[in-house]
Amino acid sequence: MFASLFRWRAAAALISLLTLIPLAVIAQGALQPDVDVWRHLAEHALPELWRNTAILLLGVGGGVLLLGVPLAWLTAVHDFPGRRLFAWALMLPLAMPAYVMAFAQLGLFEFTGPLQTALREAFGDSSWVPDIRSAAGVVTVLSLAFYPYVYLLARDAFSSMGRRALEVGQSLGLSPLAGFFRVALPMARPWIIAGLSLALMETLADFGAVAIFNYDAFTSAIYKAWFSLFSLPAAKQLASLLVLLVLALLWLEQRARGARGYGEAGRAAPLPRVKLSGAGAWLACAFCALVLSLAFILPFGLVLVWAAEQAASDLADLLEPLRSSLLLAALAAALVPSLAMALAFAGRRDPGSRLWTRLATLGYAVPGTVLAVGVFVPVAALDNWLLAHAAGWLPAGATAVFKGSLLVMLLAYCSRFLAVGHSAVDAAMQRIGRSQEEAAQSLGVSGWRLAWRLHLPLLRGGMATAMLMVFIDVMKEMPITLMTRPFGWDTLAVRIFNLTTEGEWQRAALPSAAIVLAGLLPVLLLSRRKTGA
Amino acid sequence: MKQQLMFAAALSALAGMAQAEEVVVYSARAEQLVKPLIDTYKKETGVTVKLVSDKEGPLMERMRAEGANSPADLLLTVDAGNLWQAEKLGLLRAVKSPTLDANIPAHLRDPNHQWYGLSIRARTLFYNTQKVKPGQLSSYADLADPKWKGKLCLRTSKKVYNQSLVAMMLADMGPAKTEQVVKGWVGNLATAVFPDDTKMLEAIAAGQCEVGIANTYYYGRLMEKSPKLPLGIFWADQAGKGTHVNISGAGVARYAKNEKGAVKFLEWLSSEKAQNLFADVNMEFPVNPKVKPDAKVAAWGDFKHNYINVSNAGARQAEAVKLMDRMGYK
């Protein structure tokens, strides 16, 4: 018993090394402070940085909850015109990288965009339109980009128990609204919080969108310290500060979740949805339609229009990067959820391993470029060591062993996206009741057979969610891909990078459209699973 | 197919061998701008040039981490500030090449022979032709005058082009005056600063503001696409030190495996033939004085360059960034 406990914890610790080593590289740099640069940052950047980061976290946190939870509640337990369509379509923004969303929204709504141009042509003035390039603009755009994480997970919770909760509430004499707030919402809390923490970690790690809005967040300060003030130590210090912030967030999440166990309230025949009628039905429909238009139809429409203008000249060049992107995403989608499942099992068997899991999932909140350096430096060091000490075993003239191999790339993706995989798998794991395990054990099923016959079938849904989410995330990923890819290994994100470094957003629309389209299939699969359609 | 692909990639990476006639370039320039050159070079000489693109920061960090085992032969990037930084980090080596010295004027290359400019990029003033007469414009510093209040657009101070511009102003007129100018700019802004030059030029054309500072090739590209935009170009500081010019350039990597090949490629890039291509692809100006700029570029007229050595941009860049921070230029 003790030995097996130890094995689980060791496995979790081993997996967490994937993230801990890059983080250690970052932290080690923070130990050699660049006093001059640091003093300047502390005086002229940090106060605003904290304020901006707080605005971003509170704003996007509030935004994704205000969008994600009501949408999930509406589509999971109610019926109204268009519900079946909205139920899956509201996940579509997941397929769009935040940096693409940001430039498309700016393209639509800023001074030179079609909306304001039309207004000026009609009324001669558009200065009354609120400026999208503002804190409120960034918060709105990031909320539109990241609400699907909350929507996805909350929907999952509501559709498995929401209607039942509503029924319980009604039998106790609660109004539907009171039933939502007093029964359904508390029961769905772990899922909502899991979605919220993913959205917040994405927000903290985002560089592309805040750069396009020129909004000074932590990532921009890290870049400034590194690229403009030429101080990687100061950049690493800022990154370490960011990691501390994430740790604090995760601690809060843990506390909010409490030590409660969440089982399913029995699996009865599916209840009929609550039918909305009259104004309520149309209001629900209008709300869903508004969010869907702003978060997907309008921005993607603009991307498609721009892409169509470039298609004639650039389409042929798209095939190879598309293939690379799909291959990488597929490989990562196989690897990451497997590791996530190992972590979830470890957490089940040995609560002491949960600390390691916390650490293993930190990579999601570290800005990709910093994480990429954290991955590359130790790999290069290992290579240099091997080349110095084991040269006889290697082909003559070798300059690399692991560096620039797909393996390193995939491991780097693991440290970045374990959080995504883990939150999906672990949410499913938490729904497996202790009583189910005990029942199985009383029938003499234990050890690996228990895992095989009880856990695996029940985890299949969570695993599928994890695979699809990781697939989509890897399609969108940019900095790690740039840093660790083998020679000539182009992906769609790399293509976008090359075009946008010269500000050619319109030409970048074609690979952007390809990313979104390639992400649509997994999103559809995901929504099919979730809506049971 | 996929398996083959993976296998091939894994194998080539595991071996990582430098072939005899191959030059590895770490490039922070957009691939579509470098590709035509590489293709031409291959056709002429049979030499394969392999490209690794990333942002300059990660690329340099990568070279550092790889140390003596770095496969990089050449580092290609924009802005003297970046090249200066690469030299400071010890990533480059000095090369003696009479060809390079002959083709590239002294103020556009490193005094220590570690890096060379390959194209000139001018950063100057642009204005809305319906609202501003060229006669109202003069210098970068003039844009700080209260007469431009609420009429100025700028790109973010995070972009190295503005950092280098301010660094050169520091070198030319000292910290006190530069501080005053930057502060004036910030006070004159019509709207929040822009993420890129193109967006900013579009805002000037749409009338959100009236004047701004941008690199000329963005203007060239934009006008090629929408020739009717009411946008004019104005060469700044012609009565003073001259228009601020920076470079894109390259240096041979300290641990280059194929130094000869890297130097040869670099020399070729400075040759008349490549210079035409190099500058034309992105509507920049050639560094080689024997080469005329592209007709579209020449049509903007001759102008006086600020001939201060571009390495100043690097040496004073951090100082410039801090100054802009203090003055609230985001």
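Which residues does B:Gln208 touch, leaving aside those up to four places away in sequence? In this predicted model, the list runs to A:Phe111, B:Ala190, B:Thr191, B:Phe194 and B:Ala203. B:Gln208 sits in the loop of chain B that runs between α7 (197-206) and β6 (211-215). Its relative accessible area is 18%, and because buried means under 20%, B:Gln208 counts as buried. One of its partners, A:Phe111, belongs to chain A, which makes this loop residue a handy way into a structure where chain A and chain B are in contact.

Chain A comes next. Its secondary structure amounts to 21 helices and two strands. The C-alpha atoms of chain A take up a box of roughly 75 × 75 × 50 Å along the principal axes. For 533 residues, a compact globule would have a radius of gyration near 24 Å, and chain A agrees with that at 24 Å. Of those 533 residues, 60% count as buried. Contacts in chain A with a separation of 6 or more come mostly from far along the sequence: 83% of them join residues 24 or more positions apart. The accessible surface of chain A is about 20,900 Å², and carbon and sulfur atoms hold 68% of it. As for charge, chain A carries 40 positive and 30 negative charges, and the mean positions of the two groups are 14 Å apart.

One helix of chain A deserves a look of its own. Helix α20 of chain A spans residues 492-500, and eight of its nine residues are buried, so the helix is largely enclosed by the rest of the structure. The buried set is made up of A:Leu492, A:Ala493, A:Val494, A:Ile496, A:Phe497, A:Asn498, A:Leu499 and A:Thr500. A:Val494, a member of this helix, is buried at just 1% relative accessibility. Setting aside residues up to four places away in sequence, A:Val494 touches A:Thr481, A:Leu482 and A:Arg485. For a sense of scale, A:Val494 and A:Ala344 are 150 residues apart in sequence, and their C-alpha atoms are 33 Å apart in space.

Now for chain B. Here there are 13 helices and nine strands. The radius of gyration of chain B is 21 Å, close to the 20 Å from the globule rule for 330 residues, so chain B is as compact as a globular protein of that length. Its C-alpha atoms fill a box of roughly 65 × 45 × 40 Å, again along the principal axes. Among the 330 residues of chain B, 62% count as buried. Of the contacts in chain B with a separation of 6 or more, 78% are between residues 24 or more positions apart. About 12,200 Å² of accessible surface belongs to chain B, with carbon and sulfur atoms making up 55%. Chain B has 43 positive and 33 negative side chains, and the centres of these two sets lie 3 Å apart.

Two loop residues in chain B have backbone angles worth pointing out. B:Asp79 is not a glycine, yet it has a positive phi of about 75°. B:Asp79 lies in the loop between β3 (74-78) and α4 (80-88) of chain B, and at 1% relative accessibility B:Asp79 counts as buried. B:Met283, also not a glycine, has a positive phi of about 55°. The loop that holds B:Met283 runs between α10 (272-281) and β9 (285-286) of chain B. B:Met283 is buried too, with a relative accessibility of 6%.

That leaves the place where the two chains meet. On one side, 61 residues of chain A make contact, and on the other, 68 residues of chain B. The size of an interface is often given as the accessible area lost when the parts come together. Between chain A and chain B, the buried area is about 5,700 Å², and carbon and sulfur atoms give 56% of that. Three residues, A:Phe230, A:Phe487 and A:Glu502, supply 13% of the area that chain A buries against chain B, more than any other three residues.

Methods
Residues numbered from 1 in each chain as written. Chains lettered and ligands numbered in written order. Predicted model: local features only at pLDDT ≥ 70, side-chain atom pairs only at ≥ 80, totals over all residues. Heavy atoms only, no water. Helix = DSSP H or I, 4+ residues; strand = E, 2+ residues; numbered from the N terminus. Rg over C-alpha atoms; globule rule 2.2 N^0.38 Å. Buried < 20%, exposed > 50% of the residue type's maximum accessible area, 1.4 Å probe, protein only. Contact = heavy atoms within 4.5 Å. Areas by Shrake-Rupley, 256 points an atom, 1.4 Å probe, with all protein chains shown as cover. Lys, Arg positive; Asp, Glu negative; His and termini not counted. Charge placed at Lys NZ, Arg CZ, Asp CG, Glu CD. Buried area = accessible area lost by both parts, 1.4 Å probe.
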